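Reader: I've got the coordinates open and a pile of labels I'd like to poke at. Can we go through where they come from?

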Amino acid sequence: MGVTAAMEWLGSCSGCEIAFLNIGEDLVPLITETLDLVHAPLLMDHKYFGQCGEGVTLEIPDAVIGIVTGGVNNREHLTVLRQMRKKCRLLIALGTCATHGGIPALMNGQDQQASWQAIFKTVSTDPGAEIPEVEVPPPLDRVYACDEKVKIDMQLPGCPPNPELIAELLVAIVEGRSPVLPGKSVCDTCPARREGRSVVGKVKRFIENVEFDPGEPVSGMRCLLEQGFMCMGPVTAGGCNGGEGVPACISARVPCRGCFGPVRKNGNQLLDMMNGLASNGIDFKSVVDRRSILRFSGAHGRLRPLKKRVAKE
Amino acid sequence: MGRVLNIAPVSRIEGHAKIAIHLDDDGNVAETFLHVQSLRGFEKFIEGRPAEEVPRIVNRICGICPWMHHLASNKAVDGAFGVTPTPVGYKLREMCQVMAHISDKILHFFFLAAPDFVLGPDADYSVRNVMGLVKAAPELARQVVRMRQLGQKMLEGFAGRAIHPVAGVVGGFAKPMIEEERKELLCGARELLDFSRYALDFAITDVFAKYMDAFSDLGGIKTGFLGMVDREDGSLRLYDGKLRLMKHDASFVDFEGDDYTEYLAEHVVPWGYSKMVYAKSWDEGFDMTLTAPRGIYRANTLARINVCDKISTPGAQAALEEFRSLFGRPAQQTLLYHYARLIELIYSCERTIEILEWPEITGSDVRAKVVPKAGRGVGLVEAPRGTLIHDYTTDENGCITSANMIVGTTHNIAPMNMSVKRAASALIKNGVYSEGILNQVEMAVRAYDP
């Protein structure tokens, strides 16, 4: 029998779970021999309240390894996360939502109550609709990363995380060794050609394609930041390419938007990127929607609603 | 009032939900609810963002169908900016979209649904899953894992990412396809087509033959259907076309996505975060009563297979003809969603090959000129789970001022509630229920692939 493992998803999109399934041929031995899954809503039918749903308290079985994806947005997420912490010896936060808030933490930049009211009053909703409140978990005041609520033993960011790294992490734990995970930035693993300073002083919006020769590998393409596009490679943790090869978005000839979170531990992608732009001779005021630089790392209190301006007479 | 059975979480589905079955004092079903537990607020937090960035934000609505959100969003931004993608850009987007359907269907049928059929609905939960499938049918399981992986690797190899893609851009696509890539993709697509034929044969002989009669009425309800069809010939379309809303008597209206608010509306209930879309244009309101539903239609595979006049590719057309000869049009049995899913799997493979064989697919003109501006755009695609609608308005700087989205699964929230009620009422009598019975109630939901 393998090592017992429990998987849970909180405020997530299932992309991390799909990345897990994308481990490929090694997936079969991983889920049938290396690990013994005791709870994983996407893949198996273990239930919180007993298999016939008669229980009153939410229970997850004991497991050596716990894997949590998604951020903490509502009361149920909190209950599930606490239960996972209680039952799992080693708790892993998997994916950028769990580690840094991810895209759903963009909500932290909004007035939550007003937003939710608006969501239930749109051009297509029936008149008079209200925010649902019966038998649905009430929201927390904002979106939290998992380590803001419970102790997390290991973190593997990524939106989604790279499948090879997920496998490496799990196998390393089972083998009792330290996992080999990348520590460099996207920029440090990117083969695009750097020549020095940017060709333009302003950031271009991505409304035109980057310049490159499709027949040539990425190493023949000039650095996207130097081409004048906003590329968050310098401040973003690498790993999207599994540690080797071209960063994922760059291989699609599209600039990085920071989906693995900050490369520096406790780094702030917004401030770090401003510095990065300045040192490249790019005016950061030319960035439309600067707060969006925190689009993957808005938990930990980084992204907050803008204070409403007081109207002047 | 008797006890409440909470089936939570609903498992082997791709979203977050629970089923509550309320029993009366005699142990019979009084009421049932499929509660959707999750709300994140995408429609609001994309406000203020430059619209061209939004397709790579909203893909995070769903990690299983990120290409669908990515491309519906790109189409909406095209519309708001008044841009028409270049023909090559259009085709590259379509190819990625139909390819994404391939892995999705393999995932759903074999990883999530098949354990109920191969291991049996009453098998213990510890083996009634993909791990159990590996032990019971190791060759099949290995093949399935490999084929799903092949589809994902093809997308990743060409477009950089399979999950949360970025290669679709307003005006078209971020990079052209080179001949080498085309050849490799074609080779993979042909292998997937072989597998898709095998998958349908396997399902017909080993699954449907065994279970269709026993389960012909599981979660059965009578509804209308919504899906996309070709503007000219009414054939099945996934990336672009007009919408067709069919009543249960097979009469239908066709309309353009831009006009969706005239035909569809969303009902809100206090007990679930998901809105329930219904047919506003039928002028009968919204009612989930099993015997006399009002405004209720279904989306997703069975709906598309029902509303289309034909399928433009040969293998899928042959399968459609056989399906219609057996079940008529529109077919109503809920478990037929699985059958329809495998017909669409064949179509997706055949369509991928068709696009790859289009002589101009390696053309270099992949992106039209884009100028951000004020406007409104409605972008639609058929996601695996149903018609996906993104509706954006932008300001003069090309930033989002308001957004409305109707996502695939929401069309089926009301029908799933009805199927749960139907299945639970039929299976649970006088307080007698078991794990196997409750799993059958879940199977009625699982068919919809929510």
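Reader: Where is the place of P330(B)?

Author: Before anything else, note that this is a predicted model. P330(B) sits in the loop between α9 (314-327) and α10 (336-356) of chain B.

Reader: What makes the bond between R329(B) and P330(B) a cis peptide bond?

Author: Look at omega: it is about -5° there, and the bond joining R329(B) and P330(B) is cis. Most peptide bonds are trans. Chain A has a cis bond too, joining C159(A) and P160(A), with omega about 0°. P160(A) belongs to the loop between β7 (154-156) and α6 (163-175) of chain A.

Reader: Why is A250(B) called partly exposed?

Author: Count the neighbours: 13 other C-beta atoms lie within 10 Å of A250(B). Exposed needs 12 or fewer and buried needs 20 or more, so a count in between is called partly exposed. That puts A250(B) in the partly exposed class. A250(B) also has a positive phi, about 80°, although it is not a glycine, and its place is the loop between β7 (242-246) and β8 (252-255) of chain B.

Reader: And what makes N430(B) exposed?

Author: N430(B) has 9 other C-beta atoms within 10 Å, and the cut-off for exposed is 12 or fewer, so N430(B) counts as exposed. Phi of N430(B) is positive as well, near 50°, and the residue lies in the loop between α12 and α13 of chain B.

Reader: How do you know that β2 (residues 17-23) of chain B pairs with β3(B)?

Author: Pairing takes at least two bridges. Seven bridges join β2(B) to β3(B), which run antiparallel, so by that cut-off they pair. One spot to check on screen is I19(B), which stands opposite L34(B) in β3(B).

Reader: What makes β1 and β3 of chain B edge strands?

Author: Each of them pairs on one side only. The sheet is open, with three strands in the order β1-β2-β3 (chain B) and antiparallel pairing. Its twist averages 15° from one strand to the next. Helix α12 (residues 413-427) of chain B packs on the sheet, touching β2 and β3 of chain B, and its direction makes about 145° with that of β3(B). α13(B) lies across β1, β2 and β3 of chain B, at about 55° to β1(B).

Reader: Over in chain A, why is strand β3 (residues 63-69) called mostly covered?

Author: Six of its seven residues are buried, and buried means 20 or more other C-beta atoms within 10 Å. β3(A) also has parallel partners: β1 (residues 3-9) of chain A pairs with it over five bridges, and six bridges join it to β5 (residues 88-94) of chain A. A6(A) stands opposite G66(A), while I65(A) has L90(A) as its bridge partner in β5(A).

Reader: Which residues touch the most other members of the largest nonpolar core?

Author: V68(A), I166(A) and I343(B), out of 259 residues in that core. Helix α3 (residues 87-118) of chain B gives the largest share, 17 residues. Beyond four places in sequence, V68(A) has contacts including E8(A), L81(A), I92(A) and C146(A).

Reader: Last one: how many residues does each chain bring to the contact between them?

Author: Chain B brings 77 and chain A brings 74. On the chain B side, α5(B) supplies the largest share, seven residues, and that side divides into 40 nonpolar, 18 polar and 19 charged residues.

Methods: Residues are numbered from 1 along each chain as its sequence is written. Chains are lettered from A and ligands numbered from 1 in the order in which they are written. This is a predicted model: local features need pLDDT of at least 70, side-chain atom pairs count only at pLDDT 80 or more; totals for chains, interfaces and linings use all residues. Two residues are in contact if their C-beta atoms, placed from the backbone, lie within 7 Å. Helices (H or I, at least four residues) and strands (E, at least two) are DSSP runs, numbered from the N terminus. Ala, Val, Leu, Ile, Met, Phe, Trp, Tyr, Cys and Pro count as nonpolar, Asp, Glu, Lys and Arg as charged, and the others, Gly among them, as polar. A nonpolar core is a set of buried Ala, Val, Leu, Ile, Met, Phe, Trp, Tyr and Cys residues joined through C-beta atoms within 7 Å. Axes are lines fitted to C-alpha atoms, for helices over the stretch in contact, and angles run from 0 to 180 degrees between N-to-C directions.
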